[in-house]
Amino acid sequence: KKDTYVLGIETSCDETAVAIIKNGTKIVTNIVSSQIESHKRFGGVVPEIASRHHVEQVTLVLEEALEQAEMTMEEIDCIAVTEGPGLVGALLIGVNAAKALAFAHNKPLVGVHHIAGHIYANRLVKEMKFPLLSLVVSGGHTELVLMKEHGSFEVIGETRDDAAGEAYDKVARTLSLPYPGGPHIDRLAHEGEPTLDLPRAWLEEGSYDFSFSGLKSAVINTLHNAKQKGRTIYPQDLAASFQASVIDVLVTKTVRAVNEYKVEQLLLAGGVAANKGLRAALEEAFKELDTELIIPPLSLCTDNAAMIAAAGTVLFEQGKRGDMAMNANPGLDI
Ligand code: KG4
Ligand code: ZN
């Protein structure tokens, strides 16, 4: 059987990324151009700035990917692009680049859901075994997704307010840490002790949903009250207490779902999967379970196009096709 090469394009937020994947599982090349430096001084991603950077970068990143892979467009079997969700102006750059490439080189096109991409980052590490659960924790999403076969996604729990990464970024902001705050809180947490009593939102009995906005408010209130009373709170301890609360809820609900759905694998996905505390807590919890735990390397946890090409390969092989009417869909459902 001939090898399948899929070229992926990802521009949903603040990374312009192009990758080429062989047979859905092997990275040929994976180029990410990050804009974080341009957004830092605003404390978050500015959509208009993001779109402009994508326009400037997308052709360069594409050329670099082909050059590094020593391949031409002729050798590519399909073009996969993030259709949504994300920032509409940012998504549009990738979608239009993909459509132009598909048209110019007469190649099939597939649209990929960004979260499906995060989940499929795991297939670049290990072959998937169904049924499986994925804990998706990113800047925009916190979801427990059940997969019974390739391309099928059932959301069994999701956040009702802030995403986990969003909570990290907001707490970091109150501590005057730079954007994105997740890695800074993670680092501080390891220097402190979880001495402060912060809430855990378990929600109704049996629910796999999440809620992090109450925790975020509790952190802000704790800081405010301490200031008024002239008490010192060490940011390290606050970070450790916040992180302990987030991890406690994520790991407890995940383990409960793994037992209820009797899954073969648990795949960790999304930018917050880079969190050292979360990785360690999951590894500890899964020592006791028969379910296999897969955690991708850091470079495949944050936004990249290898994951989009990996998910796109499955859609391509299932015969799914996009056409020239494909549009960016910022609110796309998985
Ligand atoms: O998946 P991602 O790159 O973009 C989205 O699709 O949202 O995730 C970015 C999020 C940010 O909120 C960032 O603060 C968080 O992932 N993040 C972390 C860590 N590294 C990145 N959160 C906690 N601990 C980390 N080490
Ligand atoms: Zn993402």
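Leaving out anything within four places in sequence, Gly 140 is in contact with Pro 85 and Ala 163. Keep in mind that this is a predicted model. Gly 140 sits in the loop between β6 (132–137) and β7 (142–147). Its C-beta has 18 neighbours inside 10 Å, so Gly 140 counts as partly exposed.

Gly 140 also turns up in the annotation. In an unreviewed UniProt entry, the feature "binding site" is listed at Val 136, Val 137, Ser 138, Gly 139, Gly 140, Asp 169, Gly 182, Asp 186 and Asn 275. Another one of those positions, Asp 186, is found in helix α6. Asp 186 has 20 other C-beta atoms within 10 Å, and 20 or more is what it takes to be called buried, so it makes the cut. Once residues up to four places away in sequence are set aside, Asp 186 touches Gln 243, Asn 275, Lys 276 and Gly 277. Asn 275 is on that UniProt list too.

**The other set of positions**

The unreviewed UniProt entry also places "binding site" at His 114, His 118 and Asp 303. These three span 190 residues in sequence, yet no two of their C-alpha atoms are more than 8.9 Å apart, so they gather at one spot.

Both histidines belong to helix α4: His 114 lies there, in a helix covering residues 114–120, and His 118 has its place there as well. Are they buried or exposed? His 114 is buried, given its 26 C-beta neighbours inside 10 Å, and His 118 is buried with 31. As for partners beyond four places in sequence, His 114 touches Ser 12, Thr 82, Gly 84, Pro 85 and Gly 86. Pro 85 is a name you've met already, as a contact of Gly 140. His 118, with the sequence neighbours again left out, touches Val 136, Ser 138, Ala 269, Gly 270 and Met 307. Of these, Val 136 and Ser 138 appear in the UniProt list that includes Gly 140.

Here are the four residues side by side:

| Residue | Location | Other C-beta atoms within 10 Å | Class |
|---|---|---|---|
| His 114 | helix α4 | 26 | buried |
| His 118 | helix α4 | 31 | buried |
| Gly 140 | loop between β6 and β7 | 18 | partly exposed |
| Asp 186 | helix α6 | 20 | buried |

**How the domains meet**

The domain assignment splits the chain into domain 1 (5–119 + 301–317) and domain 2 (130–295). Taken over C-alpha atoms, their centres are 27 Å apart. Domain 1 puts 14 residues into the contact and domain 2 puts in 20. On the domain 1 side, α1 (36–40), α4 and α11 (306–317) each supply at least two residues. Which helix gives the largest share of that side? That would be α4, with four residues. In character, the domain 1 side breaks down into eight nonpolar residues, five polar and one charged.

**A helix pair, α6 and α8**

Back to the helix that holds Asp 186. Helix α6 (residues 182–189) packs against helix α8 (residues 235–261) at an angle of about 105°, and their axes are 7 Å apart. The two helices are therefore roughly perpendicular to each other. From α6, the contact uses Ile 185, Asp 186, Leu 188 and Ala 189, while α8 brings Pro 235, Gln 236, Ala 239, Ala 240, Phe 242 and Gln 243. Sorted by type, that contact has seven nonpolar residues, two polar and one charged. Asp 186 thus does double duty here: UniProt lists it under "binding site", and it also helps make the contact between α6 and α8.

Notes:
Residues are numbered from 1 along each chain as its sequence is written. Chains are lettered from A and ligands numbered from 1 in the order in which they are written. This is a predicted model: local features need pLDDT of at least 70, side-chain atom pairs count only at pLDDT 80 or more; totals for chains, interfaces and linings use all residues. UniProt positions are given in the numbering used here, feature names are shortened, and annotations may be inferred rather than shown by experiment. A residue is buried if 20 or more other C-beta atoms lie within 10 Å of its own, exposed if 12 or fewer, and partly exposed in between; C-beta atoms are placed from the backbone. Two residues are in contact if their C-beta atoms, placed from the backbone, lie within 7 Å. Domain bounds come from an automatic or database domain assignment. Ala, Val, Leu, Ile, Met, Phe, Trp, Tyr, Cys and Pro count as nonpolar, Asp, Glu, Lys and Arg as charged, and the others, Gly among them, as polar. Axes are lines fitted to C-alpha atoms, for helices over the stretch in contact, and angles run from 0 to 180 degrees between N-to-C directions. Angles under 35 degrees count as roughly parallel, over 145 as roughly antiparallel, 65 to 115 as roughly perpendicular and the rest as oblique.
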